[in-house]
Amino acid sequence: MKTCLYLAVLFSLAGFLKPVKGELKKSLVTLKQDVQKLRERVTDLASRLKNAETTKLDLAERLSKAMKTIENLKSERTVKKRAFTSSQVAFYAALRHSVHAMDPHHAVVFDDVFTSTSPDVYNDVNGMFTAPVSGLYCFSWTNNVDATDYQSTELVLEGKPMAWAYADTKGDQNEDDYGSSSQTILLKVDKGQHVWIRTGAQGKGTLHGEDYTSFSGFLVYQTDDSTSTGD
């Protein structure tokens, strides 16, 4: 009797477990498929990562080559940059700060140098131009004064006045006005001689700065040192 009961229970369990077994088989197959997809995905990501690393190394190498090329071009530009020769002379300087109460025949020092073909051409400490070669030079300067003021200036060669300029606003009633005067001269200068701008005998020794007062010069053509007279 008990045996029959056991058999009945077993048959009943077998009937119940059969569909469960089928579901488990299906789930196992699905799980295997998911695992395979994950493996393929991991393989694909690993391949992409490897390619990205290769690309990164390639880009780094290209960047390094580009930087070297830029440095080489900079070096070549520096080497190829044309240097000024002794026969190429020019400068331009201006008065950065206003000056006051200068005595007559006091050198005007233009302390704001914009252009100079050589540091030895114009001296922004004493205001003197030194001719590197003998030749015909062109010099220009402008002196600027405040409202109701006046000042004369002179261009001198080795201490000898060669040209003059005079700015005057003392008769102007507008206190916002400024006055300027300019002069240009062609001058033979020997090598080593000095040219500069100085205050004249008229005025209070005041010149307006802010680069309104300026001094410039350049070599028109070079002459033989043995034949240049500087007159």
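Two strands are taken to pair if DSSP finds at least two bridges between them; strands themselves (E, at least two residues) and helices (H or I, at least four) are DSSP runs numbered from the N terminus. The model examined here is predicted, so local features need pLDDT of at least 70 and side-chain atom pairs count only at pLDDT 80 or more, while totals for chains, interfaces and linings use all residues. Residues are numbered from 1 along each chain as its sequence is written, and side-chain values use heavy atoms, with hydrogens and water left out.

Strand E5 makes a good starting point. E5 runs antiparallel to E6, with 8 bridges joining the two, and it also pairs with E8 in the antiparallel sense over 6 bridges. Leu157 illustrates both pairings: its bridge partner is Lys160 in E6 and Val195 in E8. Between E5 and E6 lie the 2 residues of a hairpin turn, where Glu158 has a positive phi of about 50 degrees. Because 7 of its 8 residues are buried, E5 is largely enclosed by the rest of the structure; buried means under 20% relative accessible area, exposed over 50% and partly exposed in between (1.4 Å probe, protein chains only).

The largest nonpolar core (buried Ala, Val, Leu, Ile, Met, Phe, Trp, Tyr and Cys residues joined through side-chain atoms within 4.5 Å) has 29 residues, of which Phe129, Tyr137, Phe139, Leu155 and Phe215 touch the most other members. Among the strands that each supply at least two residues of this core are E1 (90-94), E5 (150-157) and E9 (214-222), while E4 gives the most, with 4 residues. Beyond its neighbours within four places in sequence, Leu155 is in contact (heavy atoms within 4.5 Å) with residues including Phe139, Trp141, Ile185, Trp196 and Phe215.
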